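Visitor: Please take one part of this structure and examine it closely, then place it in its wider setting.

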Amino acid sequence: MARNPFTPTFGVSPPLLVGRSDLLEDFVGALEDGPGAPGRMTLYTGARGTGKTVMLNEVEDLARQQGWRVISETATEGLVNRLVREHLPALLSEIDPDGVKSKVTGVNAPMGLGGATWETSEAHEVSPALRTQLTAACDLLAANGAGLLLTLDEIHHQVVPELREVATVLQHLVREEREIAFVGAGLPSAVSAVLNDDVLTFLRRADRHSLGPVAFP
Ligand SMILES: Nc1ncnc2c1ncn2[C@@H]1O[C@H](COP(=O)(O)OP(=O)(O)OP(=O)(O)O)[C@@H](O)[C@H]1O
Ligand SMILES: [Mg+2]
């Protein structure tokens, strides 16, 4: 195995990204292919230092180049709160400055969704704000031919309850053919532990790519 000439710098993108062009093409292809493209739900696994965070940075840049908006997060405690209190309100106020859509579909569940909270078939409670805000963002972006990419680094079983919420909402959005993409990354053992959760079966259908060590020519 070739020696890595770079000192690990905690996810700082290298000047030249080695050996990942096929994976990145898969991702861009999935954005172009439209809702339902399998690559719109992608998981990168790999040992420490194999370049997972760098891949997330890269897919985020590629999505932005396609006009997509990006929410970049880490799977740590408080994830759902950060999404519904910080990222999504900020994004919505930017893409919907008059609040036309987000007012209707803001923190309260819209009509027909069963009031303040609802349960999935797995009897799991989901923040209504998460679904309504994500739905509003996807729809506003779709009106301009774009969509929303959510990336989650450091996926870990310690945050399974919050990942359940996120995955449940993603599942709804995908089923509704909305313009959403999700890319997660984590250590192989951590991702396996998460995928073993009964409620997270949806994520098992994501395109899973194991990142080997970077093959320097
Ligand atoms: N494709 C690549 N080509 C060249 N250098 C790379 C590539 N991918 C990652 N690197 C370099 O390798 C180092 C580690 O990358 P990164 O931090 O993304 O790994 P990681 O898998 O996220 O690690 P951790 O599990 O510790 O979070 C960084 O210095 C990065 O610049
Ligand atoms: Mg990393």
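Helix 3 in its setting

Guide: Within helix 3, the buried residues (20 or more other C-beta atoms, placed from the backbone, within 10 Å of their own) are Val80, Leu83, Val84, Leu88, Leu91 and Leu92. The model is predicted: local features need pLDDT of at least 70 and side-chain atom pairs 80 or more, while totals for chains, interfaces and linings use all residues. Residues are numbered from 1 along each chain as written, with chains lettered from A and ligands numbered from 1 in written order.

Helix 3 (a DSSP run of H or I, at least four residues; strands are E, at least two) covers residues 79-95 and bends by about 35° at Leu88 (the angle between axes fitted to the seven residues ending there and the seven starting there), with a proline, Pro89, following within four residues. Leu88 therefore combines two descriptions, as the site of this bend and as one of the buried residues of helix 3.

Burial also marks helix 5, residues 128-142. There, 13 of the 15 residues are buried, so helix 5 is largely enclosed by the rest of the structure. Across the protein, buried residues make up 37% of the 217 residues, and the fold comprises eight helices and seven strands.

Elsewhere, helix 1 (residues 21-33) packs with helix 2 (residues 52-65) at an angle of about 35°, their axes (lines fitted to C-alpha atoms over the stretch in contact, with angles from 0 to 180 degrees between N-to-C directions) lying 10 Å apart. Helix 1 contributes Leu24, Phe27, Val28 and Leu31 to the contact (C-beta atoms within 7 Å), and helix 2 contributes Glu58, Val59, Leu62 and Ala63.

Conventions: Two residues are in contact if their C-beta atoms, placed from the backbone, lie within 7 Å. A residue is buried if 20 or more other C-beta atoms lie within 10 Å of its own, exposed if 12 or fewer, and partly exposed in between; C-beta atoms are placed from the backbone. The expected span of a helix is 1.5 Å times one less than its number of residues.
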